[in-house]
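Please walk through this structure with me, one region at a time. Keep the sequence and the 3D view open as you read.

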Amino acid sequence: MTIKCVAIDDEPLGLQQISGYIHKTPFLELVAECKNAFEALDYLENHQADVLFVDINMPDLNGLNFVKSLETKPLVVFTTAYSEYALEGFKVDATDYLLKPINYSEFLKAANKVQKQMQLSPTSKENVESNNEYLFIKSEYKLVRINFNSIKYIEGMKEYVRIHLENEKPVMSLLSMKALEARLPADKFMRVHRSFIVNLDKVSTIERFRIIFDKVYIPVSDQYKDKFQAFINSNFMK
């Protein structure tokens, strides 16, 4: 199992050291180097990572507040020169905490903790198995089959998603919107908002860039308007 890592540090030497340690460790893969929390946010918006090696004392947005802001949290190993941050680090469920200067043996111990935690915890691939007609998800300690053609829309709720179905109660699951979106047929489902994915086959009424499902109005955010407008244009009868 290769573990995808993001290194985040505003100090060039600190970033270089952590990146070098990741390259040196056979079961780790460096997928991004970020000089601040905002670069990391941009990367995580479109990519997945298994673990973040995050410096705490960064300008504008420190490592603790950055991790707290994430909708979906990878595993986290904090790095810092200040020992007083240790307690705060563990309050946000950090896997480990490395005090600078960091030697490789200390880093490897933290990396082994990450590896062990990933082996004990189910990954998103284990939580979601799909084909072109349905998927199984975990919900309330059960595996529930969800047929694609029964989904009206999906609502993101921090660490959970709520799948709204036709003629059935919504299903809640501990999944990220990104993980679920990646497994839905792209020709039938479209993300129209940070918190909403819609089944295009179920879209029947649109009002001022709001999709209406019964009494629910789903906004189409600016980020997705062009893509959604292209869908409308391709099916519009003049």
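Is Asp 96 buried or exposed? Asp 96 is buried, with a relative accessible area of 10%. Buried means under 20% relative accessible area, exposed means over 50%, and partly exposed lies in between, with a 1.4 Å probe and protein chains only.

Some ground rules come next. This is a predicted model, where local features need pLDDT of at least 70 and side-chain atom pairs count only at pLDDT 80 or more, while totals for chains, interfaces and linings use all residues. Residues are numbered from 1 along each chain as its sequence is written, and side-chain values use heavy atoms, with hydrogens and water left out.

Back to Asp 96. Asp 96 lies in strand β5. Strands here are DSSP runs of E with at least two residues, helices are runs of H or I with at least four, and both are numbered from the N terminus. The side chain of Asp 96 makes a polar contact with the side chain of Lys 113, at 3.4 Å. A polar contact is a pair of N or O atoms within 3.5 Å; within protein, one must be able to donate a hydrogen and the other to accept it, and residues adjacent in sequence count only if both atoms are side-chain atoms.

Strand β5 covers residues 96-99 and also holds Leu 99. Leu 99 is partly exposed, at a relative accessible area of 39%. Its C-alpha atom is separated by 5.3 Å from that of Thr 80, although the two residues are 19 apart along the chain. Just past the strand, the peptide bond from Lys 100 to Pro 101 is cis, with omega near -5°. Pro 101 sits in the loop between β5 and α5 (104-120).

Now go to the start of the chain. Asp 9 lies in the loop between β1 (3-8) and α1. Asp 9 is buried, with a relative accessible area of 3%. A polar atom of its side chain lies 2.9 Å from the backbone nitrogen of Glu 11.

Helix α1 has 13 residues, 12-24. At 1.5 Å a residue it should span 18 Å, and its end C-alpha atoms are 18 Å apart, which agrees. The expected span is 1.5 Å times one less than the number of residues. Which residues of α1 are buried? They are Gly 14, Leu 15, Ile 18, Ser 19, Tyr 21 and Ile 22. They cover an arc of only 160° around the axis, so they sit on the same side of α1. The arc is that of the directions from the helix axis to the C-beta atoms. An α-helix has 3.6 residues a turn, so residues three or four places apart point the same way. On the other side of α1, the exposed residues are Pro 12, Leu 13, Gln 16, His 23 and Lys 24.

Helix α2 can be read in a similar way. Its buried residues are Ala 37, Ala 40, Tyr 43 and Leu 44. Seen down the axis, they fall within an arc of 120°, so they line one face of the helix. The face turned away from them carries the exposed residues Asp 42 and Asn 46.

Asn 46 leads on to a pocket. The second largest pocket has a volume of about 340 Å³. Of its 16 lining residues, the closest to its centre are Asn 46, Lys 178, Glu 181, Ala 182 and Arg 191. The elements that give two or more residues to this lining are α2 (37-46), α7 (177-183), β12 (189-193) and α8 (222-234). On a 1 Å grid over the protein atoms alone, a pocket is an open set of points where a 1.4 Å probe fits, with protein on both sides within 12 Å along at least five of seven lines; lining residues have an atom within 4 Å of a point.

Helix α7 also contains Arg 183. Arg 183 is buried, with a relative accessible area of 18%. Its side chain reaches the backbone oxygen of Ala 179 at 3.1 Å.

Two loop residues finish the walk. Arg 208 lies between β13 (196-199) and β14 (210-213). Its phi is near 50°, a positive value in a residue other than glycine. Asp 214, in the loop between β14 and β15 (216-219), has a positive phi of about 55°. Arg 208 is exposed at 79% relative accessibility, and Asp 214 is exposed at 64%.

Technical notes: Points joined across faces, edges and corners; volume = space filled by probe spheres on them.
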